[in-house]
Amino acid sequence: MPKGGRKSGHKGRMRTYTSPEEIDAQMKEEKERKKHEEEEEAGAGLSDPSEEKLPASGSEDSDDENSSRRRAGVEGLIEIENPNRIAQKSKKVTQIEIDEPKQLSRREREEIEKQKAKERYMKMHLAGKTDQAKADLARLAIIRKQREEAAKKKEEEKKAKDAAAAAARGINSLTMK
């Protein structure tokens, strides 16, 4: 049995959902109420009624800006300047400079340097200027020499074999006659 005994849960109940139009209407009412409260606090009360009847899209932008500037309690009366607090400024697309070179992180710089060093090494290696390339070339020269000697040896053995075979044929042909 669950804690607190038997309580009726949410299961089996019919769920109701708020339509988007109702949500928009509630938001507009809330913004208007806040706007009226601001006017009463400021004691202005002389605002133009035509401004209140503007379409919602234009008034939403100005309400968002005012709400971000609004301060609660005594903060509105006292100017506090905190040097540690950095104001978040949003940049517009027109303000972003494309011509400005992108600042790379340390890891990105190191990765680029590694690639460049590898390319330089490969060029030097292909030109035969590195120690490893020199050792490889020396090894290749020794192997070529060994293969040439082996090929000469094979050729000499083949000639000797052919000569022996020819001599054997010559003897065989003399004995038959």
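**Surroundings of the α4–α5 loop and side-chain pairing along the helices**

In the predicted model, M124 has a relative accessible area of 40% and is therefore classed as partly exposed, since that class lies between the 20% limit for buried residues and the 50% limit for exposed ones. The residue belongs to helix α4, and, when neighbours within four places in sequence are set aside, M124 is in contact with K129 and T130.

The overall composition of the chain gives the setting for this residue. The chain contains five helices and zero strands, so that its elements, read from the N terminus on, follow the order α-α-α-α-α. Of the 177 residues in the chain, 3% are buried. The accessible surface amounts to about 18,100 Å², and carbon and sulfur atoms account for 53% of this area.

Two of the helices can be described by their length. Helix α1, which comprises residues 20-42, has 23 residues and spans 33 Å from its first C-alpha to its last, which is close to the 33 Å expected at 1.5 Å a residue. Just after α1 comes G43, which takes a positive phi of about 75 degrees. Helix α4, which comprises residues 106-127, has 22 residues, and the distance of 32 Å between its first and last C-alpha atoms is close to the expected 32 Å. This helix, too, is followed by a glycine with a positive phi, namely G128, where the angle is near 80 degrees.

Beyond the end of α4, the loop that leads to α5 (131-176) includes T130. Is T130 buried or exposed? With a relative accessibility of 9%, T130 counts as buried, because the limit for this class is set at under 20%. The side chain of T130 takes part in a polar contact of 3.3 Å with the side chain of H125, and the side chain of T130 also reaches the backbone nitrogen of A133 at 3.2 Å. When residues up to four places away in sequence are not counted, T130 touches Y121, M124 and H125; the contact between T130 and M124 is thus the one already described from the side of M124.

A133, whose backbone nitrogen is reached by the side chain of T130, is placed in helix α5. The relative accessibility of A133 is 4%, and A133 therefore counts as buried. Outside the range of four places in sequence, A133 touches H125 and G128, and G128 is the residue with positive phi that follows α4. A133 and M122 are 11 residues apart in sequence, while their C-alpha atoms are 9.9 Å apart in space.

A further set of results concerns charged side chains. Side chains of opposite charge can pair when their charged atoms come close. In this model the count comes to four salt bridges, and three examples are described here. K34 forms a salt bridge with E30, with 3.6 Å between the closest N and O atoms. Where do K34 and E30 lie relative to one another along the chain? They are four residues apart in helix α1, and for this reason about one helical turn separates them. K34 has a relative accessible area of 35% and is partly exposed, and E30, at 34%, is also counted as partly exposed.

A second pair in helix α1 consists of R33 and E37, which are four residues apart, or about one turn of the helix. These two residues form a salt bridge in which the closest N and O atoms are 3.7 Å apart. R33 is partly exposed at 47% relative accessible area, as is E37 at 39%.

In helix α4, the side chains of E110 and R106 meet in a salt bridge with an N to O distance of 3.1 Å. The spacing of E110 and R106 is again four residues, so that about one helical turn lies between them. E110 is partly exposed, with a relative accessible area of 38%.

Finally, a nonpolar surface patch of about 450 Å² is made by V74, L77, I78 and I80. Among these residues, I78 lies in the loop between α3 (56-69) and α4. Its relative accessible area is 45%, and I78 is therefore partly exposed, which means that I78 passes the requirement of over 30% set for residues of a patch.

Notes. Residues numbered from 1 in each chain as written. Predicted model: local features only at pLDDT ≥ 70, side-chain atom pairs only at ≥ 80, totals over all residues. Heavy atoms only, no water. Helix = DSSP H or I, 4+ residues; strand = E, 2+ residues; numbered from the N terminus. Buried < 20%, exposed > 50% of the residue type's maximum accessible area, 1.4 Å probe, protein only. Patch = residues over 30% accessible without salt bridge, like charges linked within 9 Å, V, L, I, M, F, W, Y side chains within 5 Å. Areas by Shrake-Rupley, 256 points an atom, 1.4 Å probe, with all protein chains shown as cover. Expected span 1.5 Å × (residues − 1). Polar contact = N/O pair within 3.5 Å; in protein donor to acceptor, adjacent residues only side chain to side chain. Contact = heavy atoms within 4.5 Å.
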